[in-house]
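Work through three short exercises on a single protein chain. Try each task before reading its solution.

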Amino acid sequence: MHYPQVKHNKELSDNGRYLILALYFCSLILFGFLVNTPTEIFWGIEKIITSPDTLITDYMGVGGIGAALVNSGLLTLIVLLIFYNLKLQINGVSIACLFTVAGCSLFGKNLFNIWFIIIGVFLYIKVQKKSFKDLIYPAFFGTALAPITTEILFSTTASIWIRVPLAITISLVIGFILCPVSANLLKVHQGFNLYNMGFTAGIVGTIVVSLLNSYGIIPEPQMIWTRGNNKIFGFYLFLMFSSMIITGIYLEKKPWLKLKNIWEYSGQLITDFVLLQGFGASLINMGINGCIVTLYILLIGGDLNGPTMGGILTVVGFSAFGKHPKNIVPIMIGICLGALGKEGNINDPSMLLAALFGTTLAPIAGKYGWMWGLVAGFIHSSVVRNVIVLHGGLNLYNNGLAAGIVAAVLLPIIETFKQDKLKSL
């Protein structure tokens with residue numbers, strides 16, 4: 001079902017949207033300075049920058065809570081400032097990109113390791129004689145492979161004269177090839193995997209890690225996972241998401257009608273809720289989804305920390321660009337069902353992250369119904385546990401790779417059953 005673009009009551013200018021988003025990212029910095037001293041944060045960020053970032057690396061366990069939050073807030077504000085200087089319109093994809101950067105900056109991206117990939121994309125743009133504005137989003141989504149830079153620089157035993165040029169060269173090459181590869185891989189899952197760059201990064205990362213392995217550079221996945229901060233993080237997250245709902249209601253004349261419209265979209269790429277139903281209605285959807293996934297973590301006894309908050313913020317960002325409660329809940333339930341009978345529990349780290357990031361398959365539930373959403377989530381819960389070995393934990397969007405595989409295999413099956421059903425009518 002499609003709805004026309006509409007005029008929105010009290011619709012903000014782009015400057016107003018920039019200001020609201022900046023306040024949310026500033027809140028991460030403020031929160032960081034409330035829990036740690038400036039000295040602790042400074043040295044914590046230094047540890048974050050110089051430590052391996054392979055999955056799963058909770059920056060809160062590496063440099064402390066304050067350093068992780070400040071790293072996230074500062075990096076996202078820098079990206080927001082770049083968007084502003086390029087005069088980009090704040091729409092669904094820009095919000096998804098910003099919140100993904102904020103989320104992944106709690107467990108893998110930092111103020112240092114993303115920039116060589118960005119420069120690689122810039123070099124591709126120069127060669128192709130394109131505008132940086134045209135490929136700005138793939139550039140920042142493509143920093144899913146930022147841990148490769150850190151891994152080569154700080155985790156290998158080779159001479160510094162080898163490590164530095166090798167890390168820079170590989171990162172630049174990755175950035176250079178990501179955009180054309182991503183455009184072609186979109187056809188594989190037909191837009192039913194919202195993290196298309198995660199799928200791309202997984203494929204590219206598999207090739208890069210294979211090459212590194214053949215020369216004796218073998219990344220080691222790690223497990224740094226903090227616990228015991230659910231109350232303070234829960235309070236912060238619910239405060240953030242409540243403010244989104246309240247702000248959205250204030251901005252929209254008929255917020256619930258527009259929210260209902262949002263919930264009727266399948267979410268298949270490209271579905272930009274901001275362009276279709278307005279910034280205010282999108283904010284409400286973001287806040288509701290944020291509350292749902294945060295409550296899920298708390299109800300099943302999971303941990304709120306860097307990786308899970310990263311997953312929550314990513315869900316919130318993509319709630320302006322394809323996700324809503326009707327299409328994410330079936331996926332999450334399917335993943336929970338898939339965890340039953342397997343080794344471990346539904347509140348184990350891998351399953352917590354699968355339930356959050358696995359909502360990248362939301363368009364399947366949105367278009368084909370909740371039953372196929374359950375099936376997609378069920379299959380995804382198994383696939384995501386095994387694909388990490390392909391890229392050695394160096395692709396932060398591991399669920400994007402798994403979801404691309406699931407969607408590519410499942411979609412022809414769904415279409416076959418759909419056609420058979422039509423023939424029988």
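**Exercise 1.** Find the residues that Gln222 touches, not counting residues up to four places away in sequence. Then classify Gln222 as buried, exposed or partly exposed.

*Solution.* The model is predicted.
- Step 1: Gln222 touches Pro52, Asp53, Thr54, Leu55, Ile56 and Thr57.
- Step 2: Locate Gln222. The residue sits in the loop between helix H10 (196-214) and helix H11 (230-251).
- Step 3: Its relative accessibility is 24%. Buried means under 20% and exposed means over 50%, so Gln222 is partly exposed.
- Step 4: Add a distance. Ser182 is 40 residues from Gln222 along the chain, and their C-alpha atoms are 27 Å apart.

**Exercise 2.** Decide whether His324 is buried or exposed, and list its contacts beyond four places in sequence.

*Solution.*
- Step 1: His324 belongs to the loop between helix H15 (306-318) and H16.
- Step 2: Its relative accessible area is 1%. The cut-off for buried is under 20%, so His324 is buried.
- Step 3: Leaving aside neighbours within four places, His324 contacts Ile262, Trp263, Tyr265, Phe273, Asn285 and Asn289.

**Exercise 3.** Which residues make the nonpolar surface patch, and which helices each supply at least two of them?

*Solution.*
- Step 1: Val329, Ile333, Leu337, Leu340, Val375, Phe378 and Ile379 make the patch, with an area of about 550 Å².
- Step 2: Helix H16 (325-339) and helix H19 (370-383) each supply at least two patch residues.
- Step 3: Check one member. Leu337 is in helix H16. Its relative accessible area is 41%. Patch residues need over 30%, so Leu337 passes that cut-off while counting as partly exposed.

Note on methods: Residues numbered from 1 in each chain as written. Predicted model: local features only at pLDDT ≥ 70, side-chain atom pairs only at ≥ 80, totals over all residues. Heavy atoms only, no water. Patch = residues over 30% accessible without salt bridge, like charges linked within 9 Å, V, L, I, M, F, W, Y side chains within 5 Å. Areas by Shrake-Rupley, 256 points an atom, 1.4 Å probe, with all protein chains shown as cover. Salt bridge = Lys/Arg side-chain N within 4 Å of Asp/Glu carboxyl O. Helix = DSSP H or I, 4+ residues; strand = E, 2+ residues; numbered from the N terminus. Buried < 20%, exposed > 50% of the residue type's maximum accessible area, 1.4 Å probe, protein only. Contact = heavy atoms within 4.5 Å.
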